Amino acid sequence: MPQQAAIAVHAYDSDANLDGRTDDEQEHQEPPQTKAQSRTSKIRSFRIRTVSTFVLIGSFLGFIWSGHVPLMVMIFCIQFAMVRELFRLAQKAQQEYAIEAEQRQGRRGLRKAKLGSSQQWYFFGVAAFWMYLRFVKNQLVVEITSSAKLAHLFGWVMRRHSLLAYSLYTAGFVTFVLRLQKRMYMYQFGQYAWTHMILLVVFIPSSFFVSNIFDGLMWFLLPCSLVIINDIGAYLFGMCFGHRKLIQLSPKKTWEGFIGGCITTVVASWYLAGFMSKFKWMTCPRTDLSVYSWLDCEPDDLYKQTRYSLYEIEDAFPQPIPDYLDYWRQHGLGMQHISPWLTSIGQFSFTACPMQFHAVVLAAFASIIAPFGGFFASGFKRGFKIKDFGDSIPGHGGMTDRMDCQIVMATFSYLYFNNYVARETLAVGGVLTSMLQLGPDEQLELFSKLANILAGDELLPEEFVHDITETIKARADALSSRSCNASLQHTC
């Protein structure tokens, strides 16, 4: 996220070499300069990076203070910048086919047939409508049901969101097919494939951070921070101890840096998770779309301090880790000799919150798997012989350059939370979303029974419940009479 661009400045960039340049920059060296020119250029570059870094840090802290909805808007802006950079790269990749198509059809025919930027952004809008509304549906229902007019206008959209998104996509698909022209198929299908690849590989995975934000800011901020910490740790260990090359795509990456970054990230995750778990602003889920509204909830057991013995540690990790540890303890090589020793230290206890164990798992992924997002992006840039994806961030390159590892981390943190951490809990938004799936008569019946329950608990006056019952009965009689008149049956 922006904090990665802000914190992992050039001196801490995991792609940076000892001479201050990235691997891609070394492949695109500028003409030789005098020492004075080189010094001036480096000072100017450092100033730009420093200023943009502090601006990004301040902006991100402001978004965190503002709350969940502003952070969601920030993520959308970042996605917009990434997709724009990659759409431009797609145009460059199809340049050869564009020239060939122009020779065959002329400039006017090319403009008419190609998948223009307007249609690319149309598919982007459809993907955003589907993903974002899917993640904030429960919160949005809470907001629209606060007004009868809003509920009437948007109720159908909430009920048929997936169908509406598919219909919008189908309209774009049909439009594309109708615009296909002879001798231009390769160019047109190339643009279509690029558009979908960008949305599938970049936009959709990064959208999972939106869900993480509303599940608790910690599930957004912690994964992002772990990626940054790993970048910094890998750079420092690689600079001080690196000798053995790690991967061909990045010759300056070393095994020492990779392992050092992993250790640094795991250790930092333990203490960072413990610190964040103390604040309700980080742990409480947001059930509506209010802005600048403080959160107050009963902390989940996940964030409460618990005393563990060494024998109980394995139960704090998600499956199948406890099963593997138990099997190793019973059948592992040499366990018959060290079992007494394990028994003697097994009574040692310490205090921690369960979230800290989950943070260790996230840290392991951030330091072992997430860096391959950066390797992938590095190979992609080498294939196109470009230094950066764009210039969205002064002094740091494009937004995609800063987000390559975060995209991988967003998907894992979302899946991990929903598979191992999330519990089935009832909230107003979830109940309203389920209620919208009922028919009108069933909704009225539910409303009547709920009113009776609230009256029984003395939360509503009896007169109010009586008026509701009479209104529902009158509506049912009117519908029955209308049905009889329409059926033209004498038995009625």
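## Helices, rings and loops up close

Ala127 is buried, with a relative accessible area of 12% (buried means under 20%, exposed over 50% and partly exposed in between, using a 1.4 Å probe and protein chains only). This is a predicted model, so local features need pLDDT of at least 70 and side-chain atom pairs count only at pLDDT 80 or more, while totals for chains, interfaces and linings use all residues. Residues are numbered from 1 along each chain as its sequence is written, and side-chain values use heavy atoms, with hydrogens and water left out.

Reader: Let's start broad: how many helices and strands are there in the chain?
Author: Both kinds of element are DSSP runs numbered from the N terminus, with helices being H or I over at least four residues and strands E over at least two. Counted like that, the chain has 22 helices and 4 strands.

Reader: And what share of contacts between residues at least 6 apart in sequence join residues at least 24 apart?
Author: A contact here is heavy atoms within 4.5 Å. The chain has 492 residues, of which 42% are buried. Take its contacts between residues at least 6 apart, and the share joining residues at least 24 apart is 78%.

Reader: Back to Ala127, then. Which residues is Ala127 in contact with, leaving aside its neighbours within four places in sequence?
Author: Ala127 sits in helix α6. Its C-alpha is 7.9 Å from that of Ala165, 38 residues away along the chain. Skip the neighbours within four places, and the contacts of Ala127 are Leu199 and Phe203.

Reader: I see plenty of rings. Why do Phe87 and Trp121 get the label they have, and what is that label?
Author: Rings of Phe, Tyr and Trp (its six-membered ring) pair if their centres lie within 6.5 Å, with planes under 30 degrees apart called stacked, over 60 edge-to-face and the rest tilted. The whole structure has 36 aromatic pairs. For Phe87 and Trp121 the centres are 5.1 Å apart and the planes stand at 75 degrees, so the pair is edge-to-face.

Reader: Which parts hold Phe87 and Trp121, and how many residues apart in sequence are those parts?
Author: Phe87 is buried, at 4% relative accessibility, whereas Trp121 is partly exposed, at 25%. Phe87 belongs to helix α4 (residues 68–93) and Trp121 to helix α6 (residues 117–135), so the pair ties together parts whose separation in sequence is 34 residues.

Reader: Which residues form one aromatic cluster?
Author: Phe87 and Trp121 are both members. The full list is Phe76, Phe80, Phe87, Trp121, Phe124, Tyr132 and Phe203.

Reader: Now α10 and α11: why do they count as parallel, perpendicular or oblique?
Author: Axes are lines fitted to C-alpha atoms, for helices over the stretch in contact, and angles run from 0 to 180 degrees between N-to-C directions. Helix α10 (residues 185–215) and helix α11 (residues 218–241) have axes that come within 6 Å and cross at roughly 125 degrees. Under 35 degrees is roughly parallel, over 145 roughly antiparallel, 65 to 115 roughly perpendicular and the rest oblique. The two helices α10 and α11 are therefore oblique.

Reader: Which residues in α11 do Phe209, Asn212, Ile213 and Asp215 meet?
Author: By class, this contact of α10 with α11 has 6 nonpolar, 1 polar and 1 charged residues (Ala, Val, Leu, Ile, Met, Phe, Trp, Tyr, Cys and Pro are nonpolar, Asp, Glu, Lys and Arg charged, and the others, Gly among them, polar). On the α11 side, the residues met are Trp219, Phe220, Pro223 and Cys224.

Reader: How far is the backbone oxygen of Cys224 from a polar atom of the side chain of Gln406?
Author: Gln406 is in helix α19 and is buried, at 0% relative accessibility. A polar contact is a pair of N or O atoms within 3.5 Å; within protein, one must be able to donate a hydrogen and the other to accept it, and residues adjacent in sequence count only if both atoms are side-chain atoms. The distance from the backbone oxygen of Cys224 to the Gln406 side-chain atom is 3.2 Å.

Reader: What length is the polar contact between the side chains of Asp288 and Ser290?
Author: Asp288 lies in the loop between α13 (280–283) and β3 (306–309). Its side chain has a polar contact of 3.4 Å with that of Arg286. With the side chain of Ser290, the polar contact of Asp288 is 3.0 Å.

Reader: Last one: what is phi of Lys385 near?
Author: Lys385 is in the loop between α18 (371–384) and α19 (399–421), and is exposed at 65% relative accessibility. Its phi is positive, in a residue other than glycine, and is near 55 degrees.
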